[in-house]
Amino acid sequence: MTDTPSPQSAPDSGAPGTPDPPALQVDHIAKRFGAVAALTDVSLRLRKGEVLGLIGDNGAGKSTLIKILSGFHRPDTGRIVVEGEEVAIKSVDHARSLGIDTVYQDLALINELTVYHNMFLNREIVRWPLLHNRAMRRLARKHLDDLGVRIASVDAEVAKLSGGQRQAIAVARSVYSDARILLLDEPLAAMGAKEGALILDLVRDLKARGEVSIIIIAHNYAQVLEVCDRVNLLQHGRITYDKETAETSLQELTDLVVAEYRNTRRGGGS
Ligand SMILES: Nc1ncnc2c1ncn2[C@@H]1O[C@H](COP(=O)(O)OP(=O)(O)OP(=O)(O)O)[C@@H](O)[C@H]1O
């Protein structure tokens, strides 16, 4: 039932006559927390402009992988290659400087601030000695419009917006900060159909622009199939399934998870 990706060797070089290197390549990453082996041997590739769906049961290691890529954790072993260059990601700021940005469920927005202040958080435009509010307001409006994010006013307090709108602002902020690899950790969790559709539209729009490559963690496989080009399943700290969306189906993904559940109940698994 599993399609384990073959071990990956040298990154694609990107030299003349060869294909562009992937946006991101992860080879044989392992990570333990004391006695817990969160990741045992993870290899994956994210092509340029691709949307990759990362699925897996609770505790499979999805968040740990995202936290390693976002510079929050260091892997014990393995390597990470960003646009053809091997990197040792030392911190969240370092990941950002490499063009990797993460939008977590809690979004890191400040509810009491306006939409435009949140869009420019830690990157405020200053016309010494004051914040250049007019410029930030104008640019925030332009950028949200460019991405098709509908927010009535950039002067609105973020607390007054819906979950979907807040998620869209967090994604727009990452894209605006020049992220080339966007990691979305359960962007659709706890969202109704209308709100989820807003985010799926935004991801489709980003895909059409082709400027960012995206990994989405999601538990709703129908939504994964709607926007992702490819799906990877993480089980017990390894990628055990890697298929193009066009070659899989909701039934196949559901069967995988049911089989995993049965296996775990029988005491199998890791
Ligand atoms: N900081 C930590 N300290 C100790 N154990 C951890 C830590 N972070 C994760 N783990 C453990 O590593 C394993 C993988 O956790 P992780 O959160 O990556 O899984 P997940 O696939 O994201 O799960 P979920 O879908 O429930 O969020 C789990 O057994 C978890 O308890």
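Two residues count as in contact here when their C-beta atoms, placed from the backbone, lie within 7 Å of each other. Keep that in mind as we walk through this predicted model, starting with helix H4.

Helix H4 covers residues 133–146, which makes 14 residues. From its first C-alpha to its last it reaches 20 Å, close to the 20 Å expected at 1.5 Å a residue. Four names are worth finding along it: Met136, Arg137, Ala140 and Leu144 are the buried residues of H4. Look down the helix axis and you will see these buried residues fall within an arc of 100 degrees, so they line one face of H4. What do they pack against? Their partners are helix H3 (115–119) and helix H5 (163–176).

Now turn to the face of H4 that points away from its buried side. There you will find the exposed residues Arg134, Lys142 and Asp145. Just beyond, H4 is followed by Gly148, a residue with a positive phi, near 75 degrees.

Our second stop is the ligand. Around it sit Phe33, Val36 and Ala38, together with Gly56, Asn58, Gly59, Ala60, Gly61, Lys62, Ser63 and Thr64. Which elements supply at least two residues of this shell? Strand E2 (36–46) and helix H1 (62–69) each do. The largest share comes from H1, with three residues. Sorted by class, the shell holds six polar, four nonpolar and one charged residues.

Technical notes
Residues are numbered from 1 along each chain as its sequence is written. This is a predicted model: local features need pLDDT of at least 70, side-chain atom pairs count only at pLDDT 80 or more; totals for chains, interfaces and linings use all residues. The expected span of a helix is 1.5 Å times one less than its number of residues. A residue is buried if 20 or more other C-beta atoms lie within 10 Å of its own, exposed if 12 or fewer, and partly exposed in between; C-beta atoms are placed from the backbone. The arc is that of the directions from the helix axis to the C-beta atoms. A residue is near a molecule or strand if its C-beta atom, placed from the backbone, lies within 6 Å of it. Ala, Val, Leu, Ile, Met, Phe, Trp, Tyr, Cys and Pro count as nonpolar, Asp, Glu, Lys and Arg as charged, and the others, Gly among them, as polar.
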